[in-house]
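Hi everyone, thanks for making room for me today. I'd like to walk you through one protein, step by step, so keep the picture open while I talk.

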Amino acid sequence: MKRNERKKSGQSSDLPLDHPSRRRLPPLLRECWMRLNYTLMRRLADLNLSPDQYVALRWLTEAIGKGKKGLSQKNLCELMTSDPNTIAAMMRRMEKASLVKRSKDPEDGRRLVVSPTIQGAELFAKASIRAKALEEEALNGLSRKDRNGFLRDLNHLARSCQETLCSMKPNIKG
């Protein structure tokens, strides 16, 4: 968006951050997330794969690509910013659908690692094409340099939010 377009939409950097006409970070992030998630959900529907299941398969596939045997559910919780109950339920559904398998961690026999099955890896490959196309569409209009900068800044924001969360005292509630 060009500077004159930002002024028209009330997004001018000349306005104070808390000016009522400026859209704030939480609603903007939520709007982006909801639209992306809904669109991805529709694009994956015929594959019977939810956006969260796609993300889990992505993390698991990347771990395998790095030479790991899989990831623990605890690792998935951290990577997906989710809670253990949600991840456990999703893994049960994915295991029932033959998309993932659980096995003993070769480094720690007390722990289970989750890895994609051949069927899960094949489904991820199909879904990945659709997810990459959606990302391309979502970032349409940004130059390669601006895309890289935006994704770098978004990653920095995610890390900053994680640090803020970790620094909070346990008894502080939202």
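Let's begin with a helix called H6: the cover over its buried residues includes helices H2 and H3. Before I go further, please keep in mind that this is a predicted model.

So which residues of H6 are buried? They are Gly120, Leu123, Phe124, Ala127, Ser128, Ala131 and Leu134. The helix itself has 21 residues, and from its first C-alpha to its last it reaches 30 Å, close to the 30 Å expected at 1.5 Å a residue. There is a bend in H6, though, of about 25°, and you can find it at Ala127. Ala127 is also one of the buried residues I just listed.

Now look at Tyr54, which touches Ala127 too. Setting aside residues up to four places away in sequence, the contacts of Tyr54 include Phe124, Ser128 and Ala131 as well, and also Leu40, Leu44 and Leu49.

That brings us to the largest nonpolar core, which has 25 residues. Which of them touch the most other members? Those are Leu49, Tyr54, Met91 and Met94. Several helices feed this core: H2 (25–44), H3 (51–65), H4 (73–80), H5 (84–96) and H6 (118–138) each supply at least two residues.

Let's step back for the overall layout. The protein chain has 7 helices and 2 strands. Reading from the N terminus, the order of elements is α-α-α-α-α-β-β-α-α. Of the 174 residues in the chain, 25% are buried. And if you take contacts between residues at least 6 apart in sequence, 42% of them join residues at least 24 apart.

Here is an example of two residues far along the chain from each other. Met90 and Ser50 are 40 residues apart in sequence, and their C-alpha atoms are separated by 10.0 Å. Met90 is found in helix H5. Is Met90 buried or exposed? Its relative accessible area is 3%, so Met90 is buried. Leaving out neighbours within four places in sequence, Met90 is in contact with Asp52, Gln53, Ala56 and Met80.

On to the strands. E1 covers residues 100–104, and it pairs with E2 in the antiparallel sense over 5 bridges. One of the residues to find here is Lys104, whose bridge partner in E2 is Leu112. Why do we call E2 largely enclosed by the rest of the structure? Because 4 of its 5 residues, which run from 112 to 116, are buried.

Between E1 and E2 there is a loop, and Asp105 lies in it. With a relative accessibility of 7%, Asp105 counts as buried, because the cut-off for buried is under 20%. Apart from residues up to four places away in sequence, Asp105 touches Arg111, Leu112 and Val113.

Two more loop residues deserve a look, and both concern the backbone angle phi. Thr81 sits in the loop between H4 and H5. Its phi is near 50°, which is a positive value in a residue other than glycine. At 69% relative accessibility, Thr81 counts as exposed. Then there is Ser98, in the loop between H5 and E1. Ser98 is not a glycine either, yet it has a positive phi of about 60°. Its relative accessibility is 35%, so Ser98 counts as partly exposed.

Last stop: the cysteines. How many disulfides does the structure hold? The count is 0. Cys161 has a relative accessible area of 45%, so it is partly exposed. Cys166, at 55%, is exposed.

If you'd like to trace a path on your own screen afterwards, start at the bend of H6 at Ala127, go across to Tyr54, which touches Ala127, and then look for Leu49, Met91 and Met94 in the core. From there, go to Met90 in helix H5, and finish at Asp105 in the loop between the two strands, E1 and E2. Thanks for listening!

How values were computed
Residues numbered from 1 in each chain as written. Predicted model: local features only at pLDDT ≥ 70, side-chain atom pairs only at ≥ 80, totals over all residues. Heavy atoms only, no water. Buried < 20%, exposed > 50% of the residue type's maximum accessible area, 1.4 Å probe, protein only. Pairing = 2+ DSSP bridges. Contact = heavy atoms within 4.5 Å. Core = buried A, V, L, I, M, F, W, Y, C linked by side-chain atoms within 4.5 Å. Expected span 1.5 Å × (residues − 1). Bend = angle between axes of the 7 residues up to and from the residue. Disulfide = S-S within 2.5 Å.
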